[in-house]
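Me: I would like to go through a structure slowly, asking at each step why a term is used. Could you set each value against its definition before you conclude?

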Amino acid sequence: MSRQPAPLAFTLTGGHVIDPASGRDEIADLAVQNGKIAWIKPPGSPAVGETVRVDGLVICPGLVDIHVHLREPGFSHKETVATGTQAAVAGGFTSVCCMPNTDPALDRPERIRQIRETITQDAWCNVHVLATATVDNQRRELSDFAGLLAVGCPGITDDAVPLQTVAQMRTVFQRLGGTGRPFLAHLELEELSGDGVMTKGPVSEQLGVAGQEARSEAEALRCWAQAAAGLDEARLHLLHLSTAQAVGELHRLWEAGTFTSLTAETAPQYFCLTDEAVLRFGANAKTNPPLRSEADRAAIRQSVVSGDISIIATDHAPHTPDEKAAGLDDAPFGLIGLETCVGLVLTHLYHSGDLSLPEILAKLTWHPARLLGLPAGALQSGGTANITIIDPNKHWIVDPDQFYSKGRNTPFAGSPLRGRPWGTIVCGQLVMREGELLARAEVTPPAQRSCAGGGTQEQ
Ligand SMILES: [Zn+2]
């Protein structure tokens with residue numbers, strides 16, 4: 001990519017500024033200078049620097065995705081920090097959390113420092129590194145939670161390698177006690193999911209493939225509840241929630257007050273698709289948790305609409321076309337999602353009339369930022385200018401060949417969508433405009449809590 005000088009000062013004029021964190025929802029101009037938001041003022045205020053007209057577009061805090069697989073280290077044939085974060089900014093995200101099921105696993109402070117060097121060199125957006133719960137992802141010995149949090153990891157997770165015993169889950173809560181941090185849990189009991197490649201049901205039977213029992217998710221949540229019983233502090237965040245049963249369990253546990261905090265995220269595929277997508281897209285619809293029944297899809301969608309599921313994340317999980325060509329039985333689990341998320345969410349939740357833009361954007365900005373204490377998710381004068389500009393009415397058709405991600409594994413290929421990111425501003429620099437990547441912004445490691453901002457770029 002070329003490194004052309006980007007304007008250090010510019011003013012977005014005529015846009016609709018929506019900041020769910022502050023409740024701002026109005027037509028306003030927004031000026032960016034030296035990496036920061038200089039001001040937000042009524043339309044027509046004297047501009048700072050270059051004027052960028054964004055009439056009819058939405059200006060919101062840079063989107064935050066707390067569930068992204070960047071695949072480094074170890075799987076750079078699937079994705080890299082560079083390509084994954086290019087996909088992120090193309091999709092309107094300015095901050096992502098990368099998942100630690102890498103090789104080697106992101107399980108100790110030295111390895112966190114190493115991946116941060118790659119991030120500093122290659123990332124197009126802010127990247128926060130989640131650490132894995134067990135040494136080498138082996139699920140035998142828990143990792144050094146205190147050490148990992150001390151080097152700035154915003155959370156610990158068992159994503160892709162779900163813990164299976166109540167005893168280990170209990171130790172997880174004990175180790176996180178007093179930190180205020182939730183554990184990010186992948187809900188799956190392997191005795192129920194077994195070697196299933198999709199959800200067990202009429203479609204798996206029709207295809208003659210092994211199925212995972214859908215109740216695996218709710219049963220795993222019951223184990224976490226057992227583990228939390230009687231503890232002073234137990235904070236849990238549920239990754240990629242996918243079933244009606246787990247939603248029911250969530251309500252029961254809220255009522256019982258079992259957890260100090262209990263939150264949930266889902267990904268667009270769980271409220272847009274059912275397991276029938278596997279009939280059409282084969283391994284490109286194979287993911288874990290697998291796509292579910294229509295009743296599950298409807299329950300997840302309803303929970304997003306009601307607010308019970310407060311966070312939308314993508315679980316962007318790239319694989320190579322060759323790996324996915326191995327067929328339903330042998331292909332790895334996972335779908336890509338960074339470049340389709342905004343379109344799917346606006347098409348299926350906003351243009352459907354179910355949620356307002358501020359309600360939707362809260363799930364993509366300050367809710368995830370607040371959960372993990374990330375320096376992101378709000379528009380404030382003087383704050384780092386991480387901003388997303390969205391064209392809520394743009395009609396487009398998903399074409400995986402256009403993705404910046406190395407992955408092409410999506411069951412949304414060919415889907416007509418309405419709503420697309422128009423521009424992405426990272427640390428005060430417009431890095432994506434109308435689908436084109438411009439120049440990368442310098443992003444300092446997230447342990448420093450925020451990106452370059454004022455001091456360094458203009459030197
Ligand atoms: Zn994941």
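Reply: What follows is a set of questions and answers about this model, which is predicted.

Me: What makes His-67, His-69, Asp-159 and Asp-315 count as donors of the zinc ion?

Reply: An N, O or S atom is a donor here if it lies within 2.8 Å of the metal. His-67 and His-69 each offer NE2, while Asp-159 and Asp-315 each offer OD, at 2.0 to 2.3 Å from the zinc ion, so these atoms meet the cut-off. Along the chain the donors follow the spacing H-x1-H-x89-D-x155-D.

Me: Why is the site of the zinc ion called irregular?

Reply: Four donors would be tetrahedral only if all angles lay between 85 and 135 degrees, and square planar only if opposite donors were over 155 degrees apart and all others between 65 and 115. The angles among the four donor atoms of the zinc ion run from 83 to 166°, and because both ends of that range fall outside the tetrahedral limits, that name is ruled out. The site is classed as irregular. For orientation, ideal angles for four tetrahedral donors are 109.5 degrees.

Me: What makes His-69 and Asp-315 a link between parts that are apart in sequence?

Reply: His-69 lies in the loop between strand E6 (63-68) and helix H1 (81-90), whereas Asp-315 lies in the loop between strand E16 (311-312) and helix H12 (321-324), so the pair ties together parts that are 246 residues apart in sequence.

Me: How do you know whether His-69 and Asp-315 are buried or exposed?

Reply: Buried means under 20% relative accessible area. His-69 has 4% relative accessibility and Asp-315 has a relative accessible area of 5%, so His-69 counts as buried and Asp-315 does too.

Me: Why is the contact of Arg-252 with Glu-249 called a salt bridge?

Reply: The rule asks for a side-chain nitrogen of Lys or Arg within 4 Å of a carboxyl oxygen of Asp or Glu. The closest N and O atoms of Arg-252 and Glu-249 are 2.7 Å apart, so the pair satisfies the rule. Both residues lie in helix H8 (residues 244-256), three residues apart, which is about one turn of the helix. Glu-249 is buried, with a relative accessible area of 4%, whereas Arg-252 is partly exposed at 46%. The two also belong to a network of salt bridges that includes Glu-213, Arg-215, Glu-219 and Arg-222.

Me: How many salt bridges does the rule give, and how many of them are counted between domain 1 and domain 2?

Reply: The count comes to 17 salt bridges, but between domain 1 and domain 2 it is zero. The two domains nevertheless touch, since 46 residues of domain 1 are in contact with 60 residues of domain 2, and they bury about 4,300 Å² between them, 67% of it on carbon and sulfur atoms.

Me: What makes the phi of Arg-71 and the peptide bond between Glu-72 and Pro-73 worth pointing out?

Reply: Most residues other than glycine have a negative phi, and most peptide bonds are trans. Arg-71, however, has a phi near 70°, a positive value in a residue other than glycine, and the bond joining Glu-72 and Pro-73 is cis, with omega about -5°. Arg-71 is placed in the loop between E6 and H1, and Pro-73 is found in the loop between E6 and H1 as well. The zinc donor Asp-315 also has a positive phi, of about 55°, although it is not a glycine.

How values were computed
Residues numbered from 1 in each chain as written. Predicted model: local features only at pLDDT ≥ 70, side-chain atom pairs only at ≥ 80, totals over all residues. Heavy atoms only, no water. Donors = N, O, S within 2.8 Å, 3.2 Å for Na, K, Ca; no water. Tetrahedral: all angles 85-135°; square planar, octahedral: opposite > 155°, others 65-115°. Helix = DSSP H or I, 4+ residues; strand = E, 2+ residues; numbered from the N terminus. Buried < 20%, exposed > 50% of the residue type's maximum accessible area, 1.4 Å probe, protein only. Contact = heavy atoms within 4.5 Å. Buried area = accessible area lost by both parts, 1.4 Å probe.
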